[in-house]
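Please examine the sequence and the three-dimensional structure displayed below. The paragraphs that follow lead through them step by step.

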Amino acid sequence: MLPCALNGAARCCMERSASGRAFSTVRRFVLGIETSCDETGAAVLDDTGAILGESLHSQKQTHLDAGGIIPPVAQQLHRENISRVVQEALDRSGIEPSELTAVATTVKPGLALSLGIGLDFSRKFVRLHEKPFIPIHHMEAHALTVRMLHPVDFPFLVLLVSGGHSLLALAKGIDEFLLLGQTLDAAAGDTLDKIARRLSLRNHPECSSLSGGQAIELLAKEGDRLAFHFKSPMGQLYDCNFSFAGLRNQVTLAISKKEREEGVEKGQLLSCVKDIAAALQHTVASHIAKRTHRAILFCKSKGLLPQHNPTLVVSGGVASNEYIRQTLKIVTDATGLHLLCPPSKFCTDNGVMIAWNGIERLKQGKGIMSHSEEVNYEPKAPLGLDITSEVKDAAIKIPPLKLRINS
Ligand code: KG4
Ligand code: ZN
């Protein structure tokens, strides 16, 4: 592609068609900004989904050292890093602010103090450069990331499992979702993070810089999942909701018992830490797989999925977990669905997914605001139309499936 002229918010390029004839196209560029939790991310994408420049500052180590995310600390770190991160993404892309078509920023859901920093920065930026603003729903962005990488048509089923959310939804369009199930208490990632902390995995030589979920996955590889038995949550409830609080309780009790038996002090590692990780990971995977299996059967029974190439998309930080992916593959193989998971770096929070969501909205002319319009952040924001009670009323029983993974 040969840049030939600058055209305000877009760049005009000469391209060649399949027949070799030259024609001009107008490229559009979106700057995406993410600050909803503990990653300060920015990226510039063009409307084909090409990543022109990106930058990410992770607060993970600070929060690991502090024993959890402290919102004012997260806010301060976003404040200290946002200008640099956005500038780096712009510099790497070679795109000037004047060439941007729009700026897309996460405004919901997330930590209020963190969302506020991204939104304030973005509103000043769009006013200064007189650019349209596209407010982004963080979970919508996780759900759509896959379309940047694969040509996935709507409708598709999406499972989003992250530090803050666990949900199943039918994606009918870029801004049209049917919510089939969600967590009633904690999210999968948050549960893994808290149990990893309870196990003092930060003091494990191989886990000191890993998130809780990553540490559990690593240790589980060498653990015996049958050494502990944790009951899979909500076995008697035939809906697609999730619950992880009871599982956390079961695991915490087992840890306390082992600590007493081994005479282990606070901060020390149990000898059976790998077995606990393996049993926990299996129970989380099996809970997620069963709810997803039911969601697939529900969608099929209502004719909500296409006949041709019905697809399950899995994203969010916990979707990086290979064991969980393999468990879900067993479910999709048994039900005839195609399983798509973006690579790990696009499953966890980043600016790219926000910029892509901006591109999707720009292409369809949806949710684009002028630089002077008032926008507020929303710490809590549901995704789509909630039909969880309809799913519950359908009370679909899932056939038994052997979830046996060779790790
Ligand atoms: O999507 P994400 O980056 O942030 C939120 O929106 O919450 O997800 C972060 C979560 C953390 O709870 C982390 O422990 C979990 O994703 N996670 C994993 C893995 N990598 C990150 N959980 C299980 N296995 C992994 N490999
Ligand atoms: Zn996320």
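Is H142 buried or exposed? At 0% relative accessibility, H142 counts as buried; here buried means under 20% relative accessible area and exposed means over 50%, with partly exposed in between, for a 1.4 Å probe and protein chains only. The structure is a predicted model, in which local features need pLDDT of at least 70 and side-chain atom pairs count only at pLDDT 80 or more, while totals for chains, interfaces and linings use all residues. Residues are numbered from 1 along each chain as its sequence is written, chains are lettered from A and ligands numbered from 1 in the order in which they are written, and side-chain values use heavy atoms, with hydrogens and water left out.

The zinc site is a suitable place to begin. The zinc ion (ligand 2) has three protein donors, H138 (NE2), H142 (NE2) and D349 (OD), lying 2.1 to 2.2 Å from the ion. Donors are N, O and S atoms within 2.8 Å of the metal (3.2 Å for Na, K and Ca), and water is not among the atoms, so sites may look incomplete. Along the chain, the donors follow the spacing H-x3-H-x206-D. H138 and H142 both belong to helix 4 (residues 138-144), where they are 4 residues apart, about one turn of the helix. Helices (H or I, at least four residues) and strands (E, at least two) are DSSP runs, numbered from the N terminus. Like H142, which is buried, H138 is buried, with a relative accessible area of 5%.

What angles do the 4 donor atoms around the zinc ion (ligand 2) subtend? The angles are 92 to 153°, which makes the arrangement irregular. Four donors count as tetrahedral if all angles lie between 85 and 135 degrees; four count as square planar and six as octahedral if opposite donors are over 155 degrees apart and all others between 65 and 115; anything else is irregular.

The next element to consider is an open sheet. Its 6 strands are arranged in the order 12-11-8-9-10-13, and the pairing is mixed; two strands pair if DSSP finds at least two bridges between them. Strand 12 (338-340) and strand 13 (385-386) stand at the edges, each with a single partner strand, so one side of each is left without a neighbour in the sheet. Helix 10 (residues 322-335) packs on this sheet, touching strand 8, strand 11 (311-315) and strand 12. Contact means heavy atoms within 4.5 Å. The direction of helix 10 makes about 160° with that of strand 12; axes are lines fitted to C-alpha atoms, for helices over the stretch in contact, and angles run from 0 to 180 degrees between N-to-C directions.

Within the sheet, strand 9 can be followed through its two pairings. Strand 8 (residues 156-161) and strand 9 (residues 166-173) run antiparallel and are joined by 6 bridges. A hairpin of 4 residues connects strand 8 to strand 9. In this pairing, L157 stands opposite L170, and V161 has S166 as its bridge partner. Strand 9 also pairs with strand 10 (residues 176-182) in the antiparallel sense, over 6 bridges, and 2 residues lie between these strands in their hairpin. Here L170 stands opposite L178. Of the 8 residues of strand 9, 7 are buried, so this strand is largely enclosed by the rest of the structure.

Strand 4 (residues 39-46) offers a further case, with 8 of its 8 residues buried. In a regular strand the side chains alternate between the two faces of the sheet. In strand 4 both faces are covered, with E39, G41, A43 and L45 on one side and T40, A42, V44 and D46 on the other. Strand 4 runs antiparallel to strand 5 (residues 51-58), to which 7 bridges join it, and V44 stands opposite G53. The hairpin between them has 4 residues, and G49 in the turn has a positive phi of about 95°.

Finally, the cysteines may be considered. The structure holds 0 disulfides, a disulfide being a pair of cysteine sulfur atoms within 2.5 Å. The sulfur of C272 lies 14 Å from the closest cysteine sulfur, in C207, too far for a bond. For C347, the closest cysteine sulfur is that of C341, at 6.5 Å, which is also too far for a bond. C272 is buried, with a relative accessible area of 9%, and C347 is buried at 0%.
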